[in-house]
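Welcome! Take a moment to turn the model around, and then let us walk through it together.

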Amino acid sequence: MTRKEFLQRVGFGAAVAIVPACIGGLASSCEKDGQAVAAPTNVNFTLDVSTGALATNGGFLVTNGIVVARTTTGTYIAVSAACTHQGTNVNYNPSGNNFVCPNHGAQFSSTGVVTQGPAGTNLATYHTQLTGTSLKVYS
C-alpha cells in the first residue's frame, strides 16, 4: 500500500466515523418541538408608518419580538415573531396574507392560526390602532 492509498483510506474511515455524529447533532436541534416559545406580553408601543416597510401595502417589520405587517388592502396586523416550532422569526407573505417560517416551512394565517406544520401552536396576536401616521401595537 502506498502512502497516498493509506491516507485516502484513513481519511474515508474518519469521515465514516464523524458524519453520523454530525448528522445526529443536527437532528437533535429539532428536539425543541413541543416546547412553548414565549410570546411578548404587556405589549404597548407606537410606530411611525409614514416611511419604511409599513408605508406600503405588503410591507412588514419585526420589532420588540412582534411582526407588524401591512396587508395588501392596507390594514395592519401584528403577531408574535417567533415561530412556535423552534423560535425562528416568521415573515409576512403578502400574496397569501399569511406568515411563513423560513426555517422549516410552518405557515400561519393572518390571525396567527397554524395552517401548516411542523408548528403545532398558534402565534400570539396583538391589537393595532392607526391614528394619522402613528400605529399603536398593544396587547
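Two strands count as paired if DSSP finds at least two bridges between them. With that in mind, look at D48: its bridge partner in β10 is S134. That bridge belongs to the pairing of β1 with strand β10 (residues 134-138), which is antiparallel and spans 5 bridges. Please remember throughout that this is a predicted model.

**The chain as a whole**

The chain holds 1 helix and 10 strands. Read from the N terminus, the order of elements is α-β-β-β-β-β-β-β-β-β-β. Of the 139 residues in the chain, 27% are buried. The accessible surface comes to about 8100 Å², and carbon and sulfur atoms account for 55% of that surface. How many of the contacts between residues at least 6 apart in sequence join residues at least 24 apart? The share is 38%.

**Two open sheets**

One open sheet has 6 strands, in the order β1-β10-β9-β4-β3-β2, and its pairing is antiparallel. At its edges stand β1 (44-48) and β2 (60-63); each has a single partner strand, so one side of each is left without a neighbour in the sheet. From one strand to the next, the twist in this sheet averages 25 degrees.

Another open sheet is formed by 4 strands in the order β5-β6-β7-β8, again with antiparallel pairing. Here the edge strands are β5 (91-93) and β8 (114-116), each of which pairs on one side only. Strand β7 (residues 107-108) pairs with β8 in the antiparallel sense over 2 bridges. Within this part of the model, F108 stands opposite V114 in β8.

Here are the edge strands side by side:

| Sheet order | Edge strand (residues) | Edge strand (residues) |
|---|---|---|
| β1-β10-β9-β4-β3-β2 | β1 (44-48) | β2 (60-63) |
| β5-β6-β7-β8 | β5 (91-93) | β8 (114-116) |

**A buried residue and an exposed one**

Is S80 buried or exposed? S80 has a relative accessible area of 4%, and buried means under 20%, so S80 counts as buried. This residue lies in strand β4 (residues 76-80). Leaving aside residues up to four places away in sequence, S80 touches A39, P40, G65, I66, V67, V90, L123, A124 and Y126.

G132 offers a contrasting case. Its relative accessibility is 63%, and the cut-off for exposed is over 50%, so G132 counts as exposed. You will find G132 in the loop between β9 (125-131) and β10. Along the chain, G132 and S50 are 82 residues apart, while 8.9 Å separates their C-alpha atoms.

**Rings and a charge**

A pair of aromatic rings is described by two things, the distance of the centres and the angle of the planes. The count for this model is 1 aromatic pair. That pair is Y92 with F99: the ring centres are 5.4 Å apart and the planes are at 55 degrees, so the pair is tilted. Both Y92 and F99 are buried.

One more side-chain arrangement is worth a look. Which ring does the charged end of K136 sit over? It is the ring of Y138, with the charged end 5.0 Å from the ring centre.

How values were computed
Residues are numbered from 1 along each chain as its sequence is written. This is a predicted model: local features need pLDDT of at least 70, side-chain atom pairs count only at pLDDT 80 or more; totals for chains, interfaces and linings use all residues. Side-chain values use heavy atoms; hydrogens and water are left out. Buried means under 20% relative accessible area, exposed over 50%, partly exposed in between (1.4 Å probe, protein chains only). Contact means heavy atoms within 4.5 Å. Rings of Phe, Tyr and Trp (its six-membered ring) pair if their centres lie within 6.5 Å; planes under 30 degrees apart count as stacked, over 60 as edge-to-face and the rest as tilted. A charge sits over a ring if NZ of Lys or CZ of Arg is within 6 Å of the ring centre and within 35 degrees of the ring normal. Axes are lines fitted to C-alpha atoms, for helices over the stretch in contact, and angles run from 0 to 180 degrees between N-to-C directions. Accessible areas come from the Shrake-Rupley method with a 1.4 Å probe; for residues, only the protein chains shown count as cover.
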